[in-house]
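Open the model in a viewer and keep the sequence panel beside it. The stops below say what to select and what is there.

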Amino acid sequence: MSSLSKHIPLVDLVAQYYSIQSEMDDAISGVIHSGRFIGGEEVKKFAIKFAGFSNVPYCVPCANGTDSLEIALAALGIGKGDEVIIPAFSFVATLEAVCNIGATPVLCDIDPIRYTMDARNVEAVMTEKTKAIIPVHLYGQMADMHPLMLLAGVNNFYVIEDAAQAHGAEYNGQIAGSIGHMGSFSFYPGKNLGAYGDAGAITTNDEQLYNLAFKIANHGRTSKYDHEIVGRNSRMDSLQAAVLSVKLAHLREWNKRRFEIANRYIQLLEDIEQITVPVINDQSKSVYHLFVIRVPKSKRDDLMKYLAKHSIETGIHYPISLSKLKVTTEQLKIVTNCPQSEKASEEVVSLPMYPELTEAQQEYICNHIQDFFST
Ligand SMILES: Cc1ncc(COP(=O)(O)O)c(C=O)c1O
């Protein structure tokens with residue numbers, strides 16, 4: 001491992017910073033010299049650029065991607081007595097947002113190929129109280145949106161895309177966050193588009209929803225001291241907006257690089273019998289926020305330990321499905337079986353994935369995976 005004597009992390013944000021260091025330093029210093037830290041031109045500029053990138057007319061910058069889900073739900077008028085269907089395999093924030101708005105989360109199982117919400121499973125759990133569904137575009141792969149939008153149209157419920165892991169992902173030529181009534185994004189640092197702290201955003205094609213979401217995120221105000229509704233403080237700060245604007249200009253190139261890395265992983269690993277690699281969908285290309293393989297449950301811990309011993313970091317997204325989290329079973333007392341989500345949580349492993357990952361590092365990783373399965 002002489003030329004690779006360094007630890008290979010799951011995500012390398014420092015390598016990314018070095019690749020854009022001077023533009024980033026200028027942008028950050030520009031904000032500090034402006035003395036304007038909340039709102040202002042930087043935030044407006046980023047919102048316009050991100051709306052353009054997501055192919056929608058409107059973007060509401062928020063403080064993080066959990067707030068953006070909650071604010072989207074609030075703008076749609078969802079609350080107590082309403083049911084919101086979410087996939088049983090996601091980060092807990094999707095569940096929390098529904099609970100924090102006072103609505104009832106209803107879990108549905110995933111499509112085991114995409115790891116995303118399956119319209120047939122939505123049909124199985126929807127009721128007359130269903131007001132919205134939140135498909136999560138997990139790992140960078142968009143959910144199969146067409147049947148979900150049809151189902152929502154026929155049954156009159158809203159669709160909020162949780163696109164926290166899918167900036168720039170496409171589905172039949174449409175961009176993540178532009179298909180549902182509202183899209184929700186997180187710019188948590190490790191995301192494909194990540195801030196240097198917390199940040200999030202809502203995207204929408206609907207002007208009224210935009211105005212309402214904007215108001216909710218900004219203390220319910222229309223102008224400085226004219227507060228019309230009970231809102232909250234969920235502002236994006238100017239430093240994060242400046243960081244995000246710099247990075248947004250590189251996002252397409254970074255997503256392309258992730259795609260190349262994923263293809264290479266697939267080539268190098270697909271012949272290992274005990275591994276299931278992601279399925280490439282030409283109509284709905286993933287932006288590979290994470291590169292996730294599946295291995296037999298009995299081998300997963302040992303594989304991760306073996307790779308760690310060789311300085312390769314791996315992760316599990318997520319080791320417990322939402323259906324089996326204590327918050328669900330013990331606090332919310334929701335009893336549900338989502339076998340595909342539960343099986344996935346026992347078998348998935350995330351390998352290092354970031355645009356700066358080199359071919360040599362990838363070969364090193366895959367050789368070790370090969371060695372593990374051949375002994
Ligand atoms: C699918 C999903 N939804 C929502 C969130 C919440 O975003 P944030 O951490 O910015 O609140 C995340 C973040 O990890 C996520 O992965």
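Start by selecting Phe-89, which has a relative accessible area of 0% and therefore counts as buried. This is a predicted model. Phe-89 sits in the loop that runs between strand 2 (83–87) and helix 5 (93–100).

Which residues touch Phe-89, leaving aside its neighbours within four places in sequence? Select Ile-110, Tyr-115, Leu-138, Tyr-139, His-317, Tyr-318, Ser-321, Ser-341, Ala-344, Ser-345 and Val-348. Then add Cys-108: 19 residues separate Cys-108 from Phe-89 in sequence, and their C-alpha atoms are 8.8 Å apart.

**Two of the contacts of Phe-89**

Keep His-317 and Tyr-318 selected and look at the peptide bond from the one to the other. This bond is cis, with omega near 15°. Tyr-318 belongs to the loop between helix 10 (297–309) and helix 11 (326–331).

Go next to Tyr-115, in the loop between strand 4 (110–111) and strand 5. Its phi is near 65°, a positive value in a residue other than glycine. Is Tyr-115 buried or exposed? Tyr-115 counts as buried because its relative accessibility is 8%.

For background, most residues other than glycine have a negative phi, and most peptide bonds are trans.

**Another positive phi**

Select Asn-172, in the loop between strand 8 (170–171) and strand 9 (174–175). Asn-172 is not a glycine, yet it has a positive phi of about 45°. With a relative accessible area of 46%, Asn-172 is partly exposed.

**Asp-118**

Move to Asp-118, which is placed in the loop between strand 5 (116–117) and helix 6. Asp-118 has 12% relative accessibility, so it counts as buried, the limit for that being under 20%. Beyond its neighbours within four places in sequence, Asp-118 is in contact with Asp-109, Ile-110, Asp-111 and Leu-148. Ile-110 is also one of the contacts of Phe-89.

**The nonpolar cores**

Now select Phe-46, Phe-50, Val-122 and Phe-187. These have the most contacts inside the largest nonpolar core, which has 41 residues. Colour helix 3 (40–53), strand 3 (104–108), helix 6 (119–125), helix 7 (145–155) and helix 9 (238–269): each supplies at least two residues of this core. Which element gives the largest share? Helix 3 does, with 6 residues.

Centre the view on Phe-46. Not counting residues up to four places away in sequence, Phe-46 touches Phe-187, Leu-193, Met-236, Ala-241, Leu-244, Ser-245 and Leu-248. Apart from this core lies another, of 30 residues, and Leu-73, Val-84, Leu-107 and Ile-134 are among them. In soluble globular proteins, nonpolar side chains tend to be buried together.

**The whole chain**

Finally, zoom out and show everything. The protein has 13 helices and 15 strands. Its C-alpha atoms fill a box of roughly 70 × 55 × 40 Å along the principal axes. The radius of gyration is 21 Å, which agrees with the value near 21 Å for a compact globule of 375 residues.

Of the 375 residues, 55% count as buried. Among contacts with a separation of 6 or more, 71% join residues 24 or more positions apart. Colour by atom type to look at the accessible surface: it comes to about 16,400 Å², and carbon and sulfur atoms account for 51% of it. For a last selection, take the charged side chains, 33 positive and 43 negative; the centres of the two sets lie 3 Å apart.

Conventions. Residues numbered from 1 in each chain as written. Predicted model: local features only at pLDDT ≥ 70, side-chain atom pairs only at ≥ 80, totals over all residues. Heavy atoms only, no water. Helix = DSSP H or I, 4+ residues; strand = E, 2+ residues; numbered from the N terminus. Rg over C-alpha atoms; globule rule 2.2 N^0.38 Å. Buried < 20%, exposed > 50% of the residue type's maximum accessible area, 1.4 Å probe, protein only. Contact = heavy atoms within 4.5 Å. Areas by Shrake-Rupley, 256 points an atom, 1.4 Å probe, with all protein chains shown as cover. Lys, Arg positive; Asp, Glu negative; His and termini not counted. Charge placed at Lys NZ, Arg CZ, Asp CG, Glu CD. Core = buried A, V, L, I, M, F, W, Y, C linked by side-chain atoms within 4.5 Å.
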